[in-house]
Every structure is written in structure tokens, then in C-alpha cells.
Amino acid sequence: MRELIADLRAVIGSAHVLAEPDVVAGYATDWTRRYSGVAACVVRPASTAEVADVIRACAAHGAPIVPQGGNTSLLGGSVPSDRMPVPPVILWTGRLTSLDPVDTRSSQVTVGAGVTIAKLRAHAAAAGLSYGVDLASRDTATVGGTIATNAGGIRAIRYGPTRAQVAGVTAVLADGSVVGNMSGLTASAAGYDIAQLLTGSEGTLAVITAARLRLRIAEPAVAVLMAGVAGIDAAADLLARIGAAVPGVLAGEYFDSAGMDLVCRAAGLPLPRGYDRSVAEGASAGDGAAGFLLAELTSGDAGPDDIAQRLAGAALPDQTWVATDSRGMAALWAYRERLTEAIATTGIPHKMDVAVPAGELGAFRSELDGVVRAATVHDSESLVIVFGHIGVGNLHVNVIGPDPADTSVDVAVARLAAAHGGSVAAEHGVGRAKAAWLGLTRSVAEIAAMHAIKAALDPAGLLNPGVLLPAER
Ligand code: FAD
Ligand code: MLT
Ligand code: ZN
């Protein structure tokens, strides 16, 4: 290990090879605190060439590499596991922060992998454009991390997930060679699309160092609406009515009333003015939980007044709050956006990010509490909080109570999603947490093809071992 660290210092300089155990431990624990491991050191390269040098040095020593951006992953993918036979090197991308000028002719921009989503969005906005991915971790999550996980977020309903924004990447393979094409050409059919292959590959095939990203015409939010609903099916129906009535829906989010209670308590938010939970609960359709739909709207060519008129045709529930000024909109968003941190104040939750087809949302939700109860029969009390991007069928099932080391409830929820024709990994990736359950969502032949790709690009298995792919039989 000493020789590895000396070689890494020789290629990128001592100041950017961190080996003090306390410092390394900070990088080796993920955002949830559920996943952590031991690493040899943390390296902080500042260019594609330095990333290539680091990877070659690691390969020469047989040292695994864990790529890390903002470390906001919720599934252990950005940190080592505690069971790795050789302590890996954490390759932190936070110094890859180049921001090229926006190319307004193609509506594209080239940026470093370590640029945060907030910085990218501000950069695009300064050119009158918008980046199509946004998420509550925007101040920390990076371009590289969001590409590696194919992040979704609140705008996926309008612009698709990260995959839909990626026009090219530069990346370093496990042997130190650099691949990628940053021309941004839409008209290109010359062979395999490496940028798309690397999108969602979670650091197992290459380290992304820069990206060419598509930007969108800015569509300002003119209103945020929050409505109390009887359950998740009612929320989906209401969102469909709103979508039919207004020119554009920028976000369509759902959260249980248990989430409202918790976020108000933990984040110190006031309950919405005039909120009467009994109205929603009295009308509950029996699919498990009353809750809220939050929708963010854009006006297209119509003005804000026109939006209000059009909403009148959407049969909004009695308990509906609408904000049209930026302060009011932010206040409504806070109930949804601060849920993750509110849940984290209760301890280490079990977080299951799944997707189910629109027609299965209600059935999934109504079976969920029973499934959780059965899986947590030995725990005194579990609290279930469901929220997510309902417009794309993406639900975040959070279970608070069971021991973090016990995965019974996680696998039970994964099986329930699969039984409803869903995916066990919607937008956070597979990480370490779900690698064993990939087969619930992908076929044997697909998983074999993924292993073949991995073996071809990383024959020694040095890039993020244990993440995404189940161990080979
Ligand atoms: P990291 O956590 O550092 O890494 C994630 C994975 O990508 C790891 O496997 C890592 O090895 C790999 N990786 C990182 N950088 C590179 C690179 N340059 N090259 C190759 N591999 C790399 N996710 C959503 O999809 N939608 C949401 O709405 C959302 N909201 C969130 C809200 C909060 C409060 C938090 C804490 C998280 C949220 N997340 C959300 C999860 C998380 O922010 C995303 O998964 C994000 O994409 C991770 O980016 P990161 O830079 O933090 O990556
Ligand atoms: C969100 O949509 O807020 C996230 O994906 C984070 C979470 O699941 O907690
Ligand atoms: Zn999410």
C-alpha cells in the first residue's frame, strides 16, 4: 500500500493524495451512513490526463478504484464496501470543474465531470437555456455522478432522465486509455454509442471526466400547486387532469401525509394553512395512505392568468394550495424537497427507489404496508413513508425502524415492485445495495451480456467491484 501511495503521489502530487485515516474515512462513508468501508487513500486528479495516470498506477498495483463525485448516492455505490479484499483507491472528481462557454447554436455545453448540477444549471441559465435534470441534491451531486447513475429527478416527467441529456462523454477506461466523442453530433451512426453505454454504468466500466450535454429552451415555472388527495391513484388521476388542462407540467410529485407530518416536525415547517387531514383521510380510496400531489407548471405561450383559468377545468380538490410568486412556490416545494433530510433525522432509513407502471401505482401502494409488516415482524414499530416522482411512476419507499444491516424489508419491497411489472432501480442506480436483486428486473441473458461487457472493458475487475453487477455464479 505504501508503494501505491508513493506512486500516486509521484503522478498527481502529494497534496492530492490523502491518506490520513480520519480524512479517508469521511470519503468512505456515504450520504445515508448506511454504507461505509475502508480505502487505501483518496486521490483528487484535476484533468483527464491525471485520471489516466492514476488509473494506470492503480492497475499496476492491482488496486481497485471507487469513483466518487458528490457522494450523494443512496445505495453505497460511491464508497468501498467493508468486505473488499484489497482496500481500494477513492477517485474523487471534485477538481474536474471546467465549464466551457454554452454553444448556443447547438444548445449544448461541455463541462467537467465534477461540476455540480446547481453550477451547471446556473451556467445554462446565464445563456438563457436550461439543463433538463434537477434534483434536491443539486448543490453537491455532480455531472459525472448523475451520468453514472442515470439520475432522474423532478424534471424527468418533462425532459427525461440524464440519459436524454447526454450527447457525449470523455472517459478513462481501466487500462488508462481515453475514449469519447465530444462533437455533440445528433447525426452520428458510426458504431456503438459509448456515451450511452457509460450512462448508468455506475463507475464499473470507466471514469467519466467530462460531458457534452444537451440544453433546453428555458421554460419558467409560473405556478406550483399542492393538493391533498385520498391516495396515490387519486394523485395520478389528478396529475393527468392537470396535464390535460395546462400547457406544460415541469414536475409531478407525490408524498404521503406521514411525510408531511415528518417534514413539518423535523424541518420546522408550518402545516399548510387550513390543512385538514381528516378531509383527505375521510375520502381515502383505501389504497393505503392519504397524501399530496405537488405539480409545477409552465405556461408556454399562455400567461400566468390563463393558467389559473385552465386549472379551473381540472376539478382540483377542496384542499389545494397554489403559489405563483417565487417565495410561495419555494415554500410549497419545501414540503417535498426537504423530505429526504427529514427522514435522515430519524436515524438510518431503508430507502428503496422503485418504479411501477402507472396503472399499478395504487395496487402497489395498497399491498406495501402488509409487505413491510410481514418483513419487519421482529421489529417493534416501523414507519413507512412513500414519496417520489409519480409522473414517471418512480416511488421512494422509506422504512424507518428496522436494523440498517437487515435487508429483509428492502428485498421484500423490491420483490413487490417486480411483481407489479416494475423496476427495482428507478433513478438512484443499483449500487452495492441492490446488485443481488438485479435479476428481479433484468433477464439472465441481459445480466450475462452485462458481465461480458464488464469483462471486455475491465478484465481485472478493478473499477468499482461489487457495484451494479451480482457476483458471477
Ligand atoms: P456519487 O454519489 O459520488 O456516485 C454515484 C455513483 O456514480 C457511484 O457508483 C460512483 O462510483 C459513480 N460515479 C461518480 N462519479 C463518476 C464519474 N465521474 N465517472 C464514473 N462513475 C462515477 N437521485 C435522483 O436520481 N433523483 C433525485 O431526485 C435525487 N434526489 C436526491 C436528494 C437528496 C437530498 C440526496 C442526498 C440524493 C438524491 N439523489 C437523487 C441521489 C443522488 O444525488 C444521485 O444518485 C446523483 O446522481 C449522485 O451524484 P454524485 O455526484 O453525488 O455521485
Ligand atoms: C428524491 O426524489 O428526493 C430523492 O430521490 C431522494 C430520496 O429518495 O430520498
Ligand atoms: Zn427521487
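A polar contact is taken here as a pair of N or O atoms within 3.5 Å. In the predicted model, one such contact joins His 389 to ligand 1, with a polar side-chain atom of His 389 lying 3.5 Å from an oxygen atom of the ligand. The protein buries 96% of the 970 Å² that ligand 1 exposes when taken alone. Backbone atoms also take part in the contacts of ligand 1: a polar backbone atom of Ser 73 is 2.8 Å from an oxygen atom of the ligand, and a polar backbone atom of Gly 145 is 3.5 Å from an oxygen atom of ligand 1.

The shell around ligand 1 comprises 36 residues, of which Pro 67, Gly 69, Thr 72, Ser 137 and Thr 142 are the closest. By class, 22 of the shell residues are polar, 12 are nonpolar and two are charged. Strand S3 (65-68), helix H5 (143-149) and strand S9 (207-214) each contribute at least two residues to this shell. The largest share, five residues, is supplied by H5.

His 389 also belongs to the surroundings of ligand 2, together with Leu 74, Arg 336, Thr 340, Lys 351, Phe 387, His 396, Glu 427 and His 428. This shell consists of four polar, three charged and two nonpolar residues. Polar side-chain atoms approach oxygen atoms of ligand 2 at 2.7 Å from His 428, at 2.8 Å from Thr 340 and at 3.0 Å from His 389. Of the 270 Å² of accessible area that ligand 2 has on its own, 88% is covered by the protein. His 389 thus has a polar side-chain atom 3.5 Å from an oxygen atom of ligand 1 and one 3.0 Å from an oxygen atom of ligand 2.

Terms used. Residues are numbered from 1 along each chain as its sequence is written. Chains are lettered from A and ligands numbered from 1 in the order in which they are written. This is a predicted model: local features need pLDDT of at least 70, side-chain atom pairs count only at pLDDT 80 or more; totals for chains, interfaces and linings use all residues. Side-chain values use heavy atoms; hydrogens and water are left out. A residue is near a molecule or strand if one of its heavy atoms lies within 4 Å of it. A polar contact is a pair of N or O atoms within 3.5 Å; within protein, one must be able to donate a hydrogen and the other to accept it, and residues adjacent in sequence count only if both atoms are side-chain atoms. Accessible areas come from the Shrake-Rupley method with a 1.4 Å probe; for residues, only the protein chains shown count as cover. Helices (H or I, at least four residues) and strands (E, at least two) are DSSP runs, numbered from the N terminus. Ala, Val, Leu, Ile, Met, Phe, Trp, Tyr, Cys and Pro count as nonpolar, Asp, Glu, Lys and Arg as charged, and the others, Gly among them, as polar.
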